[in-house]
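Trainee: I'd like to learn how to read a ligand site and a sheet. Can you walk me through an example?

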Amino acid sequence: MSSAFDLIVLGAGPGGYIAAIRAAQLGMKVACIDAWRNAQGGPAPGGTCTNVGCIPSKALLQSSEHFEQAGHAFAAHGIGVSGLSIDVPTMQQRKALVVQQNNEGILYLFKKNKVTFFHGRGMLKGGSGTEGWQVAVTGKDGEQTLVGKQILLATGSVPRSLPGLEFDEKQVLSNDGALSIDAVPKTLGVIGAGVIGLEMGSVWRRLGAQVTLLEAQPEFLAAADAQVAKEALKQFTRQGLTIHLGARITATKAGKSGVTVEWTDNKGVAQILKVDKLIVSVGRKPNTDGLGAEVVGLTLDARGFIAVDADCRTNLPGIWAVGDVVRGPMLAHKAEEEGSAVAERIAGQKPHVDFNTVPWVIYTAPEIAWVGQTEQQLKAAGRDYKVGSFPFMANGRARALGDTTGFVKMLADAKTDEILGVHIIGPMASELIAEAAVAMEFKASSEDIARICHAHPTLSESLKEAALGVAGRTLNF
Ligand code: FAD
Ligand code: NAD
């Protein structure tokens, strides 16, 4: 087999594997190198997203939501449940199977698209854009050197730990350990009430753990629209999550019987939290370890991300980088769009990725989703805007589903009526937000959505009603 490729991709997470497939579709000879190992030591492409991120977390969120529904919501439908129990090992086996199916799906797609997959660690060795860059791959059969005319770095991110509190994945858990707990802990602490903290905290709270979240910021979910964040905090607190904002961690100690966290609350009062297990979800850092950045002179920015321009070009000719290892939101779909766009740029096309229309979703119950600007961002920018909103309480489908929490909120320019942001908290927000993203990509006005026929009864009618609300003419509220 020849070791010369048009494109060598390092990392088979959503950024890397999608880029590899797109480049192969465009006629390139592509290699993709990924180091992730499954429990048997075999290849497990898909990166953080497939192995310890998006996919397993959603599998556990689904299992735990079924448990919650059976325990608390079925009775209203006349469905009696007795002897309800949760078998955590079975739930975890199901999660592992879902992950495995995704790993195998990617290997199948590589085969189908004639992408050559290498299981091992890739490292930049030298060369240049004209001769081709050399990449060493170290796998179970030793080291081999590949040469690529173009290189794409998609090595992702790794969890950030707190100083002096290393992850042991038994008591002090990163996202990896948080997804693999084998029995419901009595008490669970979470440091960082961001996306992972809320999703994982919800899973284990639904299954019976007493969950306490300690968040450094004085505001809850500061990136979300403030009205949505306020509703979310109310709902999560009502469900039983204990959330402390403005918390400052002063000391932590992991012992045989659990973890002790010393912290001061938002009034400066010293507090102690003792828990069986502690999830640390305080953000993630770019993964450039062992990449050979210093060997080839690849520039990293001050925060350790690979420095790229708007088109994902690094400082070195023919070397590109996408996904979590570069600036921008750490989201799988952002990584995918960037990966696809790089493959198309190499092929001479002119794709564009608009960060303003990248949707955000938090898969809690209620789900939270948004795209575009928040009301506080528009205020800060001095933009003149109108607001329309509609509660799910007034939506027939939501009532039939028995899930009327939350609302849809639409923000539109006061003069042009262009949609500037859509914010949803409530049932199926993750699916509903796609309509808003499409509308914004097409620079739609709120009137455009208001005039489009939406099927009845659907949750999507709430989006139309929020759009009508921008003009002060909701019909069902
Ligand atoms: P990664 O997915 O991290 O993949 C990088 C790959 O490169 C890995 O397989 C790694 O082993 C490999 N690699 C690294 N260095 C080398 C090397 N030198 N040689 C060979 N291989 C190497 N995002 C969402 O959009 N939706 C969600 O619901 C969501 N849920 C999440 C839940 C959790 C718990 C976590 C932790 C993250 C979640 N994310 C979610 C974020 C999402 O997982 C990341 O944004 C996404 O995986 C980034 O993709 P990537 O391709 O940049 O990197
Ligand atoms: P995050 O940035 O969402 O949340 C981290 C939280 O920890 C923040 O609220 C921050 O203020 C807080 N924090 C930081 N240091 C702290 C400290 N010392 N004490 C207390 N609180 C502290 O990060 P995450 O939840 O770790 O997730 C990592 C990445 O993974 C995110 O960028 C996210 O985009 C991605 N992710 C996405 C999804 C999704 O799309 N549904 C799900 C999970 C993860």
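Mentor: Let's take the ligand site and then the sheet, keeping in mind that this is a predicted model.

Trainee: Where do I start with ligand 2: how many residues surround it, and which are the closest?

Mentor: Start with the shell. Here 21 residues surround ligand 2, and the closest are Ile196, Glu199, Glu215, Gly283 and Val361. By class, the shell splits into twelve nonpolar, five polar and four charged residues. Helix α6 (residues 195-206) gives the most, with three residues.

Trainee: Which polar side-chain atom lies 2.9 Å from a nitrogen atom of ligand 2?

Mentor: That one belongs to Glu199. The backbone takes part as well: an N or O atom of the Gly283 backbone is 2.9 Å from an oxygen atom of ligand 2, and one of Val195 is 3.2 Å from an oxygen atom of the ligand. As for burial, the protein covers 76% of the 840 Å² of accessible area that ligand 2 has on its own.

Trainee: Now the sheet. What is the strand order, and is the pairing parallel or antiparallel?

Mentor: In general, strands of a sheet pair through backbone hydrogen bonds, in either a parallel or an antiparallel way. This open sheet has five strands in the order β18-β19-β22-β21-β20, with antiparallel pairing. Its edges are β18 (360-362) and β20 (385-391), each pairing on one side only. The twist averages 10° from one strand to the next.

Trainee: How many bridges join β18 to β19?

Mentor: Three, with β19 spanning residues 367-372; Trp360 has Trp370 as its bridge partner in β19.

Trainee: Which helix packs on the sheet?

Mentor: Helix α14 (residues 461-470), which touches β20, β21 and β22; its direction makes about 140° with that of β20.

How values were computed: Residues numbered from 1 in each chain as written. Chains lettered and ligands numbered in written order. Predicted model: local features only at pLDDT ≥ 70, side-chain atom pairs only at ≥ 80, totals over all residues. Heavy atoms only, no water. Near = heavy atom within 4 Å. Polar contact = N/O pair within 3.5 Å; in protein donor to acceptor, adjacent residues only side chain to side chain. Areas by Shrake-Rupley, 256 points an atom, 1.4 Å probe, with all protein chains shown as cover. Helix = DSSP H or I, 4+ residues; strand = E, 2+ residues; numbered from the N terminus. Nonpolar A, V, L, I, M, F, W, Y, C, P; charged D, E, K, R; others polar. Pairing = 2+ DSSP bridges. Axes fitted to C-alpha atoms, helices over the stretch in contact; angles between N-to-C directions. Contact = heavy atoms within 4.5 Å.
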